[in-house]
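Thanks for making time this morning. I would like to walk through one model with you, strand by strand at first and then as a whole, so please keep the sequence and the structure in view.

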Amino acid sequence: LPLGKYAVYLNVLDQETEVTWRQHFDMEVIIQTTEGWLVLCDEKGEVRLDMISKYGNQELMIRNLLDDYALPNKKGPKSIVLNITGSGDKIILMTETGACYLDPESLAWEEAFDLKYDMGKIPGVFVPTAMICLDPMYGSGTYPCSVLLTTTEVYCKTSGRIIYELPRNNVAGEEKTFKVAPFIITSADGVWGYYEPPVILYDTDNRRFVQLGLAWNETSCRIPPVANEVFPMVTGKEFVYAANTRHDGNSSYVILRDDTGKLWLHGFGNLWYNSFSQLSNYYYRIDAPDIERAELFAVHMHYRYLFYVVDNMIYLYDMAYKEWRKLDILDGDGEKIDLSGEEITFIKFNWFQYGEYGRLGLDMEYRLIIGSDKGGENGGMIRIVDIPERMNGKVTLYKEYSGFAKPVDIVYRERY
């Protein structure tokens, strides 16, 4: 029986009275990889993929899912991406040397899954850095279903097309192309809420924000006019970090570094109908302890909290009130968890694309995920912690998992 959900009807005939009863029940056929956390790890510089499987009502740890496959781009694992669309889910594995799809059900790999085969013309250098599928439930239907960034180019796969066409990392009237930061600024509404969101990119060569042309007949980016300009789209600053959130429907935040090394927050809102606004309350220089030295960041999906890591310490910064605190995580006994013997390798909030309609709802979006490594073989740790709405509230451990290689990224393989 193929994987999926089924409505089952059972007819029972009483042979004496010849009365028939009908009983209905729902049934779902699943396998171990149907749902759960996909944990991308670095094992001696190469890809290792583990899974914390939600198998019925229990959790099951699955190790080394890709051990039996000769992936050509195993070196330097970078990220794992889940894109949910009306035409099917896609799981994409990205490394320093390339990218590939994994089977959305079994997580198997085969040669035809290499992302380069999605290209109309395979570039000489092809290292994807970010990808998102935009499949609006509302609007004109002229938008692309997929945007792909690489270390050198920007591509769109328009609706109804099966390949990525010519690169679009140029502005009409300019001779030179440009490279972009590895992040796509757009709506975080999810598959049920897209209202033709814009796509904003950061041109790292010219240090400016550009907007990607999304119509089927557009072939480039542009520097969009801003009705009520709060900050110039040509910033002159270096890209550091960006995040899409559900704040006020949907807002995005970008951190840039000026020539003196200071960090600046840039906020975007009203990300729908191919337009946006700049958020005046979220454009300022960030004044927080040692934040200029931070390399790991995360922004809460619902609260206006920025998290960053310095010297293996996690800090919380309130972007609205400009207050900060160190993040002490308490275990089930109320004791502080000591991370001094570990290296924090990532912090993030998982974006659940099905939102409130998914099996986990939105509760898990409120929890910070921390990847760390104790060193040695299988010293990797994943901790999920509850973040309170109040700035001074207690931060408590929700769940903890061990036995990984060095964690690099995590994403939840969600279902509805």
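In the hairpin of β12 and β13, four residues lie between the strands, and Arg-207 takes a positive phi near 50 degrees. When I say strand, I mean a DSSP run of E of at least two residues, while a helix is a run of H or I of at least four residues, both numbered from the N terminus. This is a predicted model, in which local features need pLDDT of at least 70 and side-chain atom pairs count only at pLDDT 80 or more, whereas totals for chains, interfaces and linings use all residues. Residues are numbered from 1 along each chain as its sequence is written, and side-chain values use heavy atoms, with hydrogens and water left out.

Staying with that hairpin, β12 (residues 200–203) is joined to β13 (residues 208–212) by four bridges, and the two run antiparallel; two strands count as paired if DSSP finds at least two bridges between them. Within this pairing, Ile-200 stands opposite Gln-211 in β13. In a regular strand the side chains alternate between the two faces of the sheet. In β12, Ile-200 and Tyr-202 point one way and Leu-201 and Asp-203 the other way, and all are buried, where buried means under 20% relative accessible area, exposed means over 50%, and partly exposed is in between, with a 1.4 Å probe and protein chains only.

Let me turn to the sheets. An open sheet of three strands has the order β6-β7-β8, with antiparallel pairing. Which strands stand at its edges? They are β6 (77–83) and β8 (99–102), each with a single partner strand, so one side of each is left without a neighbour in the sheet. From one strand to the next the twist averages 20 degrees, with axes taken as lines fitted to C-alpha atoms, for helices over the stretch in contact, and angles running from 0 to 180 degrees between N-to-C directions.

β6 pairs with β7 (residues 90–95) over six bridges in the antiparallel sense, with Pro-77 opposite Thr-95. Six residues separate these two strands in their hairpin, and Gly-88 in the turn has a positive phi of about 125 degrees. On the other side, a hairpin of three residues joins β7 to β8; four bridges link this antiparallel pair, and Ile-92 faces Tyr-101 in β8. As for burial, five of the six residues of β7 are buried.

There is also an open sheet of four strands, in the order β5-β4-β3-β28, again with antiparallel pairing. Its edge strands are β5 (58–62) and β28 (406–413), each of which pairs on one side only. Five bridges join β4 (residues 46–55) to β5, and Ser-53 stands opposite Leu-60 in β5.

Now the interior. Which residues touch the most other members of the largest nonpolar core? Of its 43 residues, they are Phe-307 and Leu-368, a nonpolar core being a set of buried Ala, Val, Leu, Ile, Met, Phe, Trp, Tyr and Cys residues joined through side-chain atoms within 4.5 Å. Strand β20 (residues 305–310) gives the most to this core, with six residues. Apart from it lies another core, of 34 residues, among them Val-47, Ile-92, Trp-109 and Leu-148. Leaving aside neighbours within four places in sequence, Leu-368 is in contact (heavy atoms within 4.5 Å) with residues including Phe-307, Leu-327, Phe-349 and Val-385.

For contrast, consider Lys-394, which lies in the loop between β26 (380–386) and β27 (395–404). Lys-394 counts as exposed because its relative accessibility is 65%. Not counting residues up to four places away in sequence, Lys-394 touches Leu-330, Asp-386 and Pro-388.

Finally, the whole chain. The protein has zero helices and 28 strands, and 52% of its 416 residues count as buried. Its radius of gyration is 23 Å, which agrees with the value near 22 Å for a compact globule of 416 residues; this radius is taken over C-alpha atoms, and the globule rule is 2.2 Å times the number of residues to the power 0.38. Along its principal axes the C-alpha trace spans about 85 × 60 × 45 Å. Of the contacts with a separation of 6 or more, 53% come from residues 24 or more positions apart.
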